[in-house]
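Biologist: Got a minute to walk me through this one? I'd like to go through the chain contact, then a helix pair, then a sheet.

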Amino acid sequence: MLELRRVSKHYSGIPAVDDVSFCARPGEVTGYLGPNGSGKSTTIKMITGLIDPTFGEILFRGKPIQDAPITYKERLGYVPEEPYLYNHLSAAEYLTMVAQLRGLPTRESSKRIDGLLRLLALYDDRHASISGYSKGMRQKVLIAAALLHNPELVVLDEPFSGLDVGSALILRSLIHELAARGKIVLFSSHELDTVERVSTRVVILHRGKLVADDSIVKLRSLTELPSLEAIFSQLAVEQDTQGAAQQIADLIHA
Amino acid sequence: MRKLFERLPLQFRVLYRQFLLRVVDLEALSIEADIPRFLGQFAGVLIMFSVIQALVLLIHPIMTPAETLSMLWHSEQLLIATIMLVTGLIAVVAWDNIFPDKRDVMVLGPLPVRPRVILLAKVAASGAVLALAVFSLNIAVGIVLPLIQGGLLRFVPNALAYWFTMTAASAFIYGSVLALQGFGALLLPRKMFLRVSGVLQFGSFIFFLGAYFLLPYLATPAALTAAEDQKLLGWSPSFWFFAMFNQLNGTLPTSLNWVAERAWIGLGVVGITAAAALLLCYLRTMKKTVEEPDLVPGVRGLHWMPRFGSLLQSAVVVFSIRSLARSKHHRVAYAFYLAIVIAIGFSALKHLLAIPAPRPPTTDYLIATFMMMSVAVIGLRSIFSLPISLRANWVLRTTQISPPERYISATRWALILLGFFPVWLCAALMSLCFRPISLSAAHLILLTLVGLILADLSLIGVSKIPFACSYLPGKTNIQYVFWFFILALSSIAIYLGRYEQRTLHDRARYLELIGILVALDLGVWAFNRVRAKSATLSFEELPVEVITTLGLNVVRPHTQMVATEEVHLS
């Protein structure tokens with residue numbers, strides 16, 4: 001289990017994440033939601049060990065991740081929000097490098113890399129430079145790199161970004177499949193429809209604070225709202241969206 | 001000047017500023033993204049060179065007219081070769097910014113901007129940098145040399161001839177690079193040109209530096225008219241422009257008029273070719289650039305890489321090789337150091353081949369190999385500090401499942417394989433020219449130890465993976481640190497070369513030297529290893545926070561205090 005206990009992150013004294021606690025359990029897909037600037041990405045960076053919390057602790061299997069970072073990283077697979085890759089490498093070279101850094105045996109890793117590249121429809125372009133890849137192709141490389149070592153904890157930050165319909169459907173099923181095989185899946189996205197379909201439970205963040213943490217069914221019955229979109233709008237959207245749209249149209253028309 | 005600039009069309013001015021900012025890639029030079037500062041530093045270095053040359057000309061012992069003429073001719077040849085080198089280096093550094101790239105086409109294509117405005121703005125931006133180079137490099141010597149040459153009476157015509165020649169030599173080199181690149185782009189299929197372009201850039205770099213270091217000076221009438229030198233005069237553009245200058249100020253021997261004519265012809269040919277290449281490229285290449293597919297398939301069958309040690313070592317070494325080969329910034333920086341190494345190597349080879357065989361290892365050869373090793377190892381170490389993509393480093397951080405000392409050891413391995421080993425191989429090949437072979441082998445053992453010491457010394461305090469570390473822009477001042485090290489190490493190389501020459505024939509002293517070097521290397525290696533065990537891999541050097549507290553937060557609002565206390569209590 002992945003557990004966040006009263007985690008806060010301050011930048012120059014200003015809290016970006018404030019006293020957040022929640023759990024992500026094996027076999028479940030935990031959706032992690034929040035508007036821009038709510039502290040979602042900061043939390044994910046803390047979970048992946050890229051930054052340290054100012055207060056609180058993150059536990060994996062009951063132990064703080066800082067206590068055994070190497071063991072934790074061996075079990076972690078991460079797809080970041082932005083597809084930042086080493087553009088001078090090809091997909092095959094990049095995945096080979098990741099496999100070597102993870103210490104995967106050469107024969108096994110090349111089999112997995114070939115398989116993943118084929119299944120993700122990247123095989124024909126595996127030797128082309130990543131600099132020429134579309135956003136969707138980069139996203140597939142990130143997904144392959146995150147799953148290469150069969151991780152226990154999969155953290156997906158906007159994994160559907162840039163994917164075509166077919167690949168998105170595969171990924172959606174894959175997320176279910178990973179959870180069914182006992183993995184912990186933490187999944188962050190702005191696509192509320194997808195989150196509603198994929199997630200077992202959702203955690204909603206607003207202005208750095210936790211505003212909801214429950215199963216979607218329970219949240220619906222608690223708020224008496226029909227969909228996750230409606231729940232999210234009530235909990236985390238302050239702006240009058242219709243009014244703002246009208247104002248923009250008025251502004252450019254003037 | 002400013003008012004004149006403001007009269008130019010707005011589109012031209014905007015694009016000119018943009019292109020000027022991109023003439024030199026600042027990231028490759030480890031400097032703040034501040035073009036006036038960079039250009040200021042660049043001009044400063046050239047002005048310093050100019051002032052030193054002017055002082056050399058002014059402060060000299062009393063000479064005969066023939067000696068004075070020889071000194072002036074030597075200076076003229078040096079200055080022309082230098083302006084050609086500087087222009088060549090500018091052209092190489094700005095290689096990918098001379099013609100419109102995909103970014104230009106995609107950004108400017110949908111905007112109502114005529115291609116000729118883009119073309120003129122690019123040419124003007126390049127011209128501005130070249131003008132700065134010519135002006136800075138000659139600011140002092142461009143006054144002193146014409147003054148010494150013709151006195152006050154002939155100062156004005158001599159100075160005009162001087163400045164015209166320098167500008168022409170610079171334009172000739174820049175135009176040659178433009179023509180080479182332009183016709184390459186026009187004649188070759190786009191995909192092939194993109195591949196060849198990197199090789200051409202690398203080759204040009206080595207060519208310019210090699211020519212500068214290897215070309216001899218012909219500074220006497222006898223040398224200039226010697227039959228064996230006529231071929232060199234006919235093929236070397238720096239002598240063409242030397243002849244042009246002397247023709248313009250009336251001091252050229254009539255027998256060398258043909259050399260000056262080559263400068264005029266060359267200038268005309270290059271001018272027309274470069275202009276044609278530019279025009280054709282802007283008319284044809286811009287279209288080709290848009291049509292160019294985003295996804296260029298990789299070359300088939302060239303993906304195999306040998307394994308370099310453990311999986312982690314292999315990952316770091318292969319990543320380093322690919323970064324050096326494929327990133328233009330790193331390629332240019334690597335070519336710079338490699339060109340110096342090659343120039344030293346060629347120079348040593350030229351001298352040793354002049355000695356009849358069988359020859360014992362010469363002191364020049366010993367010193368040259370030590371210097372090559374110093375430049376290669378320290379140069380590569382400085383390139384390791386240039387990050388390739390800071391934002392992509394997250395993958396190294398999230399996959400860091402080995403202790404830091406293994407990463408640091410992999411970095412050392414990469415430095416040895418890519419910096420130390422090529423020089424050692426060159427030295428081994430050169431050593432085949434010497435007899436007895438046992439002396440060459442003794443030198444190679446010594447060179448191995450010196451290389452390893454240099455590699456270990458350059459990794460003191462390093463907890464980084466090559467090309468994956470960041471630096472605070474402007475903080476590292478690598479350009480100064482590198483030259484300081486090179487000067488210091490050159491002095492040590494000269495001393496060590498001379499000392500080794502004496503020890504090669506004295507077994508006891510040789511063994512003593514080997515013992516000292518082994519002890520030194522083991523000491524530095526052990527020190528690095530112990531430190532690495534407690535090190536933390538660093539990827540980003542964060543600047544000191546700009547928000548500073550004034551210590552006034554002692555009294556906090558009541559609510560915040562309560563909240564904080566709750567956190568502590570829990």
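**Where the chains meet**

Modeller: Sure. In the contact, 31 residues come from chain B and 34 residues from chain A. Keep in mind that this is a predicted model.

Biologist: Which elements give two or more residues to the side of chain B that touches chain A?

Modeller: Those are α14 (311-326) and α17 (394-398) of chain B. The largest share comes from α14(B), with 8 residues.

Biologist: And how many of the residues on that side are nonpolar, polar and charged?

Modeller: The side of chain B that touches chain A has 15 nonpolar, 10 polar and 6 charged residues.

Biologist: OK, helices now. At what angle do α9 and α15 of chain B pack?

Modeller: About 35 degrees, and the axes of α9 (residues 190-214) and α15 (residues 328-353) are 9 Å apart.

Biologist: Is the crossing of α9(B) and α15(B) left-handed or right-handed?

Modeller: That crossing is right-handed.

Biologist: Which residues meet there?

Modeller: From α9(B), they include B:Phe202, B:Phe205 and B:Ile206, and from α15(B), B:Val332, B:Phe336 and B:Ile340 are among them. By class, this helix contact has 15 nonpolar, 3 polar and 2 charged residues.

Biologist: Switching to chain A: what's the strand order in the open sheet of 4 strands?

Modeller: β2-β1-β4-β5, with antiparallel pairing. At the edges sit β2 (14-24) and β5 (63-64), each pairing on one side only.

Biologist: Over how many bridges do β4 and β5 of chain A pair?

Modeller: Over 2 bridges, with β4 covering residues 55-60. A:Leu59 has A:Pro64 in β5(A) as its bridge partner.

Notes
Residues are numbered from 1 along each chain as its sequence is written. Chains are lettered from A and ligands numbered from 1 in the order in which they are written. This is a predicted model: local features need pLDDT of at least 70, side-chain atom pairs count only at pLDDT 80 or more; totals for chains, interfaces and linings use all residues. Two residues are in contact if their C-beta atoms, placed from the backbone, lie within 7 Å. Ala, Val, Leu, Ile, Met, Phe, Trp, Tyr, Cys and Pro count as nonpolar, Asp, Glu, Lys and Arg as charged, and the others, Gly among them, as polar. Axes are lines fitted to C-alpha atoms, for helices over the stretch in contact, and angles run from 0 to 180 degrees between N-to-C directions. A crossing is left-handed if the near helix is turned anticlockwise from the far one by less than a right angle, and right-handed if clockwise. Two strands pair if DSSP finds at least two bridges between them.
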